[in-house]
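Q: I have a structure open and want to learn to read a helix and a core. Where do we start?

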Amino acid sequence: MALPGWRRSGDLAALLLAVWMASVTCSALSLPPSPVLVNPAPARPLGSTCPTLLPECSRSIVAPRNILCIRLSKENNITVNQLRAYNPELDCAARIPTGCALCVSAILPPPSPPEAPLPPSSPAPRAPRSPRAPRKASPPPRSPPLPPSPQPSPPPPSPRKQPKPPAPKPPAPSSPPPPRRSPPSPPPRASPRPSPSFVAKTTPAERGVTSSPRPAPLPPPPPPPATTPAGILLEGNNDPSNPASWWYLDAGVTLARHNLYRTKHQAQPLAWSTRLQKEAQDWADNCWFAHSSRPYGENLALGHPSITAAMDAWYSEEKVYDYANPQFNAGHFTQMVWQRTYLVGCAIGVCPDGVSYVGGVWMGKLYVCMYWPPGNYMGQFSENVYPPVDGSRRRQALGSGEL
């Protein structure tokens with residue numbers, strides 16, 4: 001059955017109206033372009049193999065995703081060094097493949113003590129040389145033997161009492177014998193030198209020479225410090241408790257610097273805590289510039305030449321802190337001078353290969369300080385952070401009516 005004309009024209013008008021509204025809507029709504037990252041940080045590569053579990057492993061887990069060693073160690077409350085010890089074949093420079101079985105707790109045998117070096121063998125004493133016998137003088141050359149001289153024949157027997165006839169003269173030899181060569185005369189001996197006892201000795205004063213004392217020999221130069229592949233000079237070893245180590249932190253200097261700043265803000269002096277120092281050392285040895293999830297107050301610093309320079313940088317945030325309207329905008333400074341805090345412990349991470357952060361790797365020292373009780377609680381800044389007792393900041397606080 002055919003539809004009436006007005007029905008067909010109404011449907012066509014509705015269709016044209018829908019097409020027009022769709023074109024207007026699409027032209028009016030324009031989505032912004034997708035953001036483009038400028039110089040994005042290179043992502044770490046994905047590991048190719050999974051490590052083999054040790055027989056001493058007491059607890060293992062399965063990697064949930066392509067995760068880093070630092071994140072996995074934080075989730076299992078161990079350090080990266082312990083994770084590497086439990087999984088010797090683990091490559092922490094890349095991401096751990098999904099589904100790898102990893103050991104997070106093991107009872108490892110204690111390391112064997114290093115073998116004592118063998119004492120240097122002393123050379124065998126040489127036998128004394130026997131004195132050389134004097135050389136014999138070569139004998140003179142022998143002359144050729146002389147020919148035998150002719151002897152006269154014996155006279156014939158004669159009767160008794162008869163005179164003897166004269167003996168005939170021996171005939172002369174045909175040639176005279178060669179003359180004998182005389183032996184060569186020995187070379188003349190050199191006259192013996194006079195012994196030192198007969199030499200006249202003279203002093204420098206008698207010769208008119210003034211002798212000056214010889215200067216003392218210079219000490220040998222110190223050996224050059226060792227250099228790591230990352231370019232960090234190491235003086236001593238990697239033991240942070242050794243004062244000769246590059247990673248050593250002076251607890252007395254650190255504590256005195258904290259209390260100097262706290263005195264300006266009428267806060268009680270801090271005491272040094274060896275437990276907090278060990279906690280800070282364990283976290284700093286992970287060589288990752290990030291806060292831990294431990295129940296302490298924390299201050300981190302990277303890129304400063306000393307712990308004193310790091311604390312000065314933390315305290316410099318006092319310039320932006322508003323005592324009249326206290327807020328959490330200077331967390332390092334407020335934690336240093338927090339009234340309720342009374343314990344502190346700091347450490348420098350042993351990171352010869354550098355410290356990792358979001359943008360890459362920093363070749364320098366990582367400073368970590370932990371405080372107890374922690375500070376920076378919202379709503380408690382006025383009663384725990386006092387203005388300094390001297391300087392223009394006190395006058396500003398007085399002018400604002402806070403004091």
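A: This is a predicted model. Start with burial along a helix. In α4, the buried residues are Thr 254, Leu 255, His 258, Asn 259, Tyr 261 and Arg 262.

Q: Where do these residues lie around the axis of α4?

A: Look at the arc they cover. It is only 165° around the axis, so they sit on the same side of α4.

Q: What do the buried residues of α4 pack against?

A: Their partners are β5 (271-272), α6, α7, β7 and β10.

Q: How do I read the length and the ends of α4?

A: Compare its reach with the expected span. α4 (251-264) has 14 residues and reaches 21 Å from first C-alpha to last, close to the 20 Å expected at 1.5 Å a residue. At the N-terminal end, Asp 250 is the cap: one of its side-chain oxygens lies 3.1 Å from the backbone nitrogen of Gly 252. After α4 comes Gln 266, with a positive phi near 60°.

Q: Now the core. What is the general idea?

A: In soluble globular proteins, nonpolar side chains tend to be buried together. Here the largest nonpolar core has 27 residues; among those touching the most other members are Ile 307, Trp 314 and Phe 333. α4, α6 (307-315), α7 (331-336), β7 and β10 (366-372) each supply at least two residues.

Q: Which of them gives the most to this core?

A: α6 does, with five residues. Take Ile 307: leaving out residues up to four places away in sequence, it touches Leu 249, Thr 254, Tyr 367 and Cys 369.

Q: Which residues belong to the second, separate core?

A: That core has 17 residues, including Ala 63, Ile 78, Cys 100 and Ala 290.

Notes: Residues are numbered from 1 along each chain as its sequence is written. This is a predicted model: local features need pLDDT of at least 70, side-chain atom pairs count only at pLDDT 80 or more; totals for chains, interfaces and linings use all residues. Side-chain values use heavy atoms; hydrogens and water are left out. A nonpolar core is a set of buried Ala, Val, Leu, Ile, Met, Phe, Trp, Tyr and Cys residues joined through side-chain atoms within 4.5 Å. Buried means under 20% relative accessible area, exposed over 50%, partly exposed in between (1.4 Å probe, protein chains only). Helices (H or I, at least four residues) and strands (E, at least two) are DSSP runs, numbered from the N terminus. Contact means heavy atoms within 4.5 Å. The expected span of a helix is 1.5 Å times one less than its number of residues. The arc is that of the directions from the helix axis to the C-beta atoms. A polar contact is a pair of N or O atoms within 3.5 Å; within protein, one must be able to donate a hydrogen and the other to accept it, and residues adjacent in sequence count only if both atoms are side-chain atoms.
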